[in-house]
Amino acid sequence: MTVIVTDSGFAADDFEGTFVALDDATTDTPAIEVPSNAEIRDLAARLSGASFVRILFPSFSDGRGFTLAAQLRREGFKGRLRAKGHVIADQYAMARRSGFDEVEISDDLAARQPEDQWLARAKWQAHDYQSRMRA
């Protein structure tokens, strides 16, 4: 099972469709699953019909997904953007600042890092260096 993390806390997954791997996606694929090592130029060509993109995080130390999310938003992607995999509560603010709407984690990770740890980072706009320096 999986848990979806948003600024409101833990929730069940409300997505009922199917994600298509980036290599198999076409310009009219509505939901695309993207590996963290994807190139933005490969993804941008397939985004015209996508309303949902899920970027995979193979380990918590692999930050390429954050960069990819930020690039997608700069390219104009307005759809739903989800991080999936090994994202930990300490990285939630970074995920939101990068452009992710939500994070999908395993039940095991949710048990090790309960909802209160994620909610502590839910005010992600206030948890950045520049805001702290202006105070």
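This is a short tour of a predicted model, stop by stop.

**Stop 1: the sheet**

Show the strands first. Seven of them form an open sheet, in the order 2-1-7-6-5-4-3. The pairing is mixed. Now look to the edges. Strand 2 and strand 3 stand there, each with a single partner strand, so one side of each has no neighbour in the sheet.

**Stop 2: strand 7**

Select residues 102-106, which make up strand 7. How many of its five residues are buried? Four are, so the strand counts as mostly covered, buried being under 20% relative accessible area.

Add strand 1, residues 2-6. Strand 1 and strand 7 pair in the antiparallel sense, over four bridges. To see one partnership, pick Val 3 and find Ile 105 in strand 7, its bridge partner.

Next, add strand 6, residues 80-85. Strand 6 and strand 7 run parallel and are joined by three bridges. Here Lys 84 stands opposite Glu 104 of strand 7. Trace the chain between these two strands. From strand 6 the chain passes through helix 3 (residues 92-98) to strand 7, in a right-handed β-α-β crossover.

**Stop 3: Val 3**

Go back to Val 3, in strand 1. Buried or exposed? Val 3 is buried, with a relative accessible area of 11%. Leave aside its neighbours within four places in sequence, and Val 3 is in contact with Phe 10, Ala 11, Val 103, Glu 104, Ile 105, Asp 107 and Ala 110. Select Ser 106 too. Val 3 and Ser 106 are 103 residues apart in sequence, yet 6.0 Å apart in space, C-alpha to C-alpha.

**Stop 4: strand 5 and strand 6**

Move along the sheet to strand 5, residues 52-57. Six bridges join strand 5 to strand 6, and the two run parallel. Pick Val 53: its bridge partner in strand 6 is Leu 81.

**Stop 5: the aromatic rings**

Show the side chains of Phe, Tyr and Trp. The structure holds seven aromatic pairs. Zoom in on Phe 19 and Phe 52. Their ring centres are 5.0 Å apart and their planes meet at 75°, so this pair is edge-to-face. Phe 19 lies in the loop between strand 2 and strand 3, and Phe 52 in strand 5, so the pair ties together parts 33 residues apart in sequence. Phe 19 and Phe 52 are both buried.

Add Phe 15. Phe 15, Phe 19 and Phe 52 form one aromatic cluster. Then select Arg 54. Its charged end sits over the ring of Phe 19, 3.9 Å from the ring centre.

**Stop 6: the core**

Nonpolar side chains tend to be buried together in soluble globular proteins. In this model, the largest nonpolar core has 31 residues. Select Val 34, Ile 55, Leu 72, Phe 100 and Val 103, which have the most contacts inside this core. Stay on Val 103. Beyond four places in sequence, Val 103 touches Val 3, Ile 4, Val 5, Ala 83, Val 87, Tyr 92, Ala 95 and Trp 118.

**Stop 7: helix 2**

Which helix gives the most to this core? Helix 2, residues 64-74, does, with four residues. Select its buried residues: Gly 65, Phe 66, Leu 68, Ala 69, Ala 70 and Leu 72. These pack against strand 4, helix 1, strand 5, strand 6 and helix 3. End at Gly 76, just after helix 2, where phi is positive, at about 105°.

Definitions and conventions: Residues are numbered from 1 along each chain as its sequence is written. This is a predicted model: local features need pLDDT of at least 70, side-chain atom pairs count only at pLDDT 80 or more; totals for chains, interfaces and linings use all residues. Side-chain values use heavy atoms; hydrogens and water are left out. Buried means under 20% relative accessible area, exposed over 50%, partly exposed in between (1.4 Å probe, protein chains only). Two strands pair if DSSP finds at least two bridges between them. A crossover is right-handed if, with the strands pointing away from the viewer, the path from the first strand over the helix to the second runs clockwise. Rings of Phe, Tyr and Trp (its six-membered ring) pair if their centres lie within 6.5 Å; planes under 30 degrees apart count as stacked, over 60 as edge-to-face and the rest as tilted. A charge sits over a ring if NZ of Lys or CZ of Arg is within 6 Å of the ring centre and within 35 degrees of the ring normal. A nonpolar core is a set of buried Ala, Val, Leu, Ile, Met, Phe, Trp, Tyr and Cys residues joined through side-chain atoms within 4.5 Å. Contact means heavy atoms within 4.5 Å.
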